[in-house]
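Here are my notes for a colleague who is opening this entry for the first time. Please read them with the structure on screen.

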There are 2 protein chains.
Amino acid sequence: MSKAAITKQNIIEQAAILFNQSGFAGGSITDLMAATGLKKGGIYNHFSSKEELAIAAFDYAFSLYQQRYRHVLRQHRHSVDRIQAIVATFCDTVYEPLLPGGCPLLNTAAESDDTNPVLRDRVRLAMDQWRGMIRRILQRGVRAGEVSPDVDTETLTSILISSMEGAIMLTQLYEDTVHIARVREHLVQYMEQLRL
Amino acid sequence: MSKAAITKQNIIEQAAILFNQSGFAGGSITDLMAATGLKKGGIYNHFSSKEELAIAAFDYAFSLYQQRYRHVLRQHRHSVDRIQAIVATFCDTVYEPLLPGGCPLLNTAAESDDTNPVLRDRVRLAMDQWRGMIRRILQRGVRAGEVSPDVDTETLTSILISSMEGAIMLTQLYEDTVHIARVREHLVQYMEQLRL
């Protein structure tokens, strides 16, 4: 990597941490200057706007989750095991966060949905990917006779993601992992009941 | 109400709408001046700081939900009916919003958890009340023999709230009520299975 590429990557990583904790509106370029040790010009040399930087930071944050899922999914073949592994991996990030500040999808969705259509569309794309990953595993599971054919895969995908995202919100709000631990256990058991 | 009290109440209501959509950091006093038709001094005449106003706006937003729940709960006696009514009421706010911008608990939690301990503590208090309402109904239901005694009331409370909050996030993100409709149906059925 060139020195410029290393600097750019460092800005993205620091911005991901800042925006995930303080939000896009709440996280200032002054904060980012402090975190990176760069001057304003040194940041805007790499990004044409705060929004462009926010998108790069969000994409980076989401990529951390994708990498972790890919790694975990390599270890499981049965569809129920794979969904349980996704649930466990997502929920266990509270003990070993990929980024401080909770889930970047939830945080960025809650902030951008009414105010920032460009960023919101980026969150939609990321959520589409996450939903697609879960739905495809469930669909294959039904076809392979591993998952109960009574399952509506779209509905179960919405339920799994909603429960996990809401639980991470409660855990962040209370600084108490009990909520995510309860939802993790519930969803793992729920999936077990659907195993054929 | 005095003219001053009416003005103050109007500021609170407009601030609740603004902050629920744009966030506390994203919603500016300039926006609030436009929404209320007041000058800056006319706003700060009633509130010593933006934070004090944010707390009043959050409390007002939450009170709208409390009023709706109280109204709905008067119509149901059986504990399972009561929980199902809470789920239906919460989920159906997407068709008839109490406030634009989604759930004020989720929005304010996601924004304040890492950055604004005063506002975060207010959200905790509100969430404590919501959790307490659901948990007490479940506990009475177990004692009255209306709800399966196998239910861990604390766990079920976390699961119900997490699912609903996550679903409202998805619905706001996609501007598509299908996610909350799926979770509503799932939770109503899930509660039905616990009915004795």
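The points below go from the single chain to the pair.

1. Status. This is a predicted model. Please read each value below as computed from that model.

2. The fold of chain A. Chain A has nine helices and zero strands. Along the sequence the pattern reads α-α-α-α-α-α-α-α-α.

3. Dimensions and packing. Along the principal axes, the C-alpha atoms of chain A fill a box of roughly 60 × 35 × 30 Å. Chain A holds 196 residues, and 54% of them are buried. Take the contacts in chain A between residues at least 6 apart in sequence: 70% of these join residues at least 24 apart.

4. How the copies are related. A turn of 180° with a shift of 0.0 Å along the axis lays chain A on chain B. The RMSD of that fit is 0.0 Å. The two chains are therefore related by a two-fold axis. Both copies use the same surface, and 100% of the contact residues of chain A recur in chain B.

5. Extent of the interface. On chain A, 41 residues are in contact with chain B, where 41 residues take part. Interface size is often stated as the accessible area lost when the parts come together. Here the area buried between chain A and chain B is about 3,600 Å². Carbon and sulfur atoms give 61% of this area. On the chain A side, L173(A), Y174(A) and R182(A) lose the most area to chain B. Together these three residues account for 18% of what that side buries.

6. Polar and charged links. How many salt bridges are there between chain A and chain B? The count is six. In one salt bridge, the side chain of E175(A) meets that of R124(B), at 2.8 Å from N to O. Polar contacts across the interface of chain A and chain B come to 18 residue pairs, with both residues at pLDDT 80 or more.

7. Which elements supply the chain A side. Five helices of chain A each give two or more residues to the side that touches chain B: α1 (3-22), α6 (104-112), α7 (117-143), α8 (153-174) and α9 (178-193). Which element gives the largest share of that side? The answer is α8(A), with 15 residues.

8. Make-up of that side. The residues of chain A that touch chain B divide into 15 nonpolar, 15 polar and eleven charged. Please read this count by residue alongside the area by atom, where carbon and sulfur give 61%.

Note on methods. Residues numbered from 1 in each chain as written. Chains lettered and ligands numbered in written order. Heavy atoms only, no water. Contact = heavy atoms within 4.5 Å. Buried area = accessible area lost by both parts, 1.4 Å probe. Salt bridge = Lys/Arg side-chain N within 4 Å of Asp/Glu carboxyl O. Polar contact = N/O pair within 3.5 Å; in protein donor to acceptor, adjacent residues only side chain to side chain. Helix = DSSP H or I, 4+ residues; strand = E, 2+ residues; numbered from the N terminus. Nonpolar A, V, L, I, M, F, W, Y, C, P; charged D, E, K, R; others polar. Least-squares fit on C-alpha atoms with pLDDT ≥ 70 in both. Buried < 20%, exposed > 50% of the residue type's maximum accessible area, 1.4 Å probe, protein only.
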